Amino acid sequence: MGAVRFPNIIQALVLYETIVFDSILLGSHFDVELALDLLMDAQHGRCFYCRRALTAATTHVDHFLPCARYPVDFGHNFVLANNRCNSQKRDRLPAYKHLAAWVERNAANGDQIADALKEFGIAADLAVSNRVTQWAYAQTEVAGGLTWLSGDKMVPLTEDWRSLFGS
Ligand SMILES: [Zn+2]
């Protein structure tokens, strides 16, 4: 009797898991699209760093603070960059000019970006993002480190970057 019922239970479980899994994939897909659309709108369809127009084929989600050096993933750290800037920047800290643009973007669109990313299960708290970012720049300043401007161009962090955060 068990031999007859068992395959049915497995079939039911497989069917159930397929439905649940599909709905999870589908839901995630829509939320990712929403988050990407918001980032794209916030950047007016342009690369965060060089401002060239982005195309679907060349768009990368870039970690503003390189995740290799600051392994704390938080929603506001995401920006969109073309593949050229994304690969040139690598694990380097963006220059003052980019930091100013990041602060400005979050002031204008930070709440919407946070809401969209929360739907996707990505933590997004602008106060935390700002604290981690200020910590990263303070570390670089103390070490006299260079920041990435464009291509292979590295510049010292000489500007009054703290004033961007109102301190
Ligand atoms: Zn670019």
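This passage walks through a predicted model, from its overall layout to a few individual residues.

The protein has four helices and four strands, and from the N terminus on these elements run α-β-β-α-α-α-β-β. Of its 167 residues, 24% count as buried. Contacts often reach a long way along the chain: among those between residues at least 6 apart in sequence, 70% join residues at least 24 apart. Confidence is uneven. The average pLDDT comes to 80, with 75% of the residues scoring at least 70. Residues 1-30 are the part to treat with care, as pLDDT stays below 50 there and the stretch has one contact in the model beyond near neighbours in sequence. Where pLDDT is low, the predicted coordinates should not be read in detail. Helix 1 is assigned to residues 2-42, and the stretch with pLDDT below 50 covers residues 1-30, so a good part of the helix is best left alone here.

The inside of the protein comes next. The largest nonpolar core has 25 residues, and those with the most contacts inside it are C47, F48, V79, L80, A81 and I113. Two elements give two or more residues to this core, namely strand 2 (78-82) and helix 3 (96-119). Helix 3 supplies the largest share, six residues. I113, one of the residues with the most contacts inside the core, touches L38, L39, A42, G75, H76 and A124 once residues up to four places away in sequence are set aside. Another residue worth a look is A116, which also sits in helix 3. A116 counts as buried because it has 22 C-beta neighbours inside 10 Å, where 20 are enough. A116 and L36 are 80 residues apart in sequence, yet their C-alpha atoms are 9.1 Å apart in space.

Strand 1 (59-63) follows helix 1 after a loop, and H60 is found in that strand. With 16 C-beta neighbours inside 10 Å, H60 falls between the cut-offs of 12 and 20 and therefore counts as partly exposed. Leaving out residues up to four places away in sequence, H60 touches A81, N83 and N86; of these, A81 is among the residues with the most contacts inside the core. C47, another of those core residues, lies 13 residues from H60 along the chain, and 9.2 Å separates the two C-alpha atoms.

The loop between helix 1 and strand 1 holds two backbone oddities. Most residues other than glycine have a negative phi. H44, in this loop, goes against that with a phi near 50 degrees. R51 lies in the loop between helix 1 and strand 1 as well, and its phi is near 70 degrees, again a positive value in a residue other than glycine. As for their surroundings, H44 is exposed because it has just 9 C-beta neighbours inside 10 Å, under the limit of 12. R51 is partly exposed, with 13 other C-beta atoms within 10 Å.

Helix 4 takes up residues 126-143, and its geometry checks out: at 1.5 Å a residue, its 18 residues should span 26 Å, and the end C-alpha atoms are indeed 26 Å apart. Which residues of helix 4 are buried? They are S129, T133 and Y137. These cover an arc of only 55 degrees around the axis, which means they share one side of helix 4. The spacing fits the general rule: an α-helix has 3.6 residues a turn, so residues three or four places apart point the same way. Helix 3 is included in what covers these buried residues. A127, V142 and A143 are exposed on the other side of helix 4. Just after helix 4 comes G144, with a positive phi of about 65 degrees.

The final pair of strands rounds off the picture. Strand 3 (residues 146-150) and strand 4 (residues 153-156) pair in the antiparallel sense over four bridges. One of the partnerships links T147 to V155 in strand 4. The two strands form a hairpin with two residues between them, and G151 in the turn has a positive phi of about 50 degrees.

Terms used. Residues numbered from 1 in each chain as written. Predicted model: local features only at pLDDT ≥ 70, side-chain atom pairs only at ≥ 80, totals over all residues. pLDDT = per-residue confidence, 0-100. Contact = placed C-beta atoms within 7 Å. Core = buried A, V, L, I, M, F, W, Y, C linked by C-beta atoms within 7 Å. Expected span 1.5 Å × (residues − 1). Arc of directions from axis to C-beta. Pairing = 2+ DSSP bridges.
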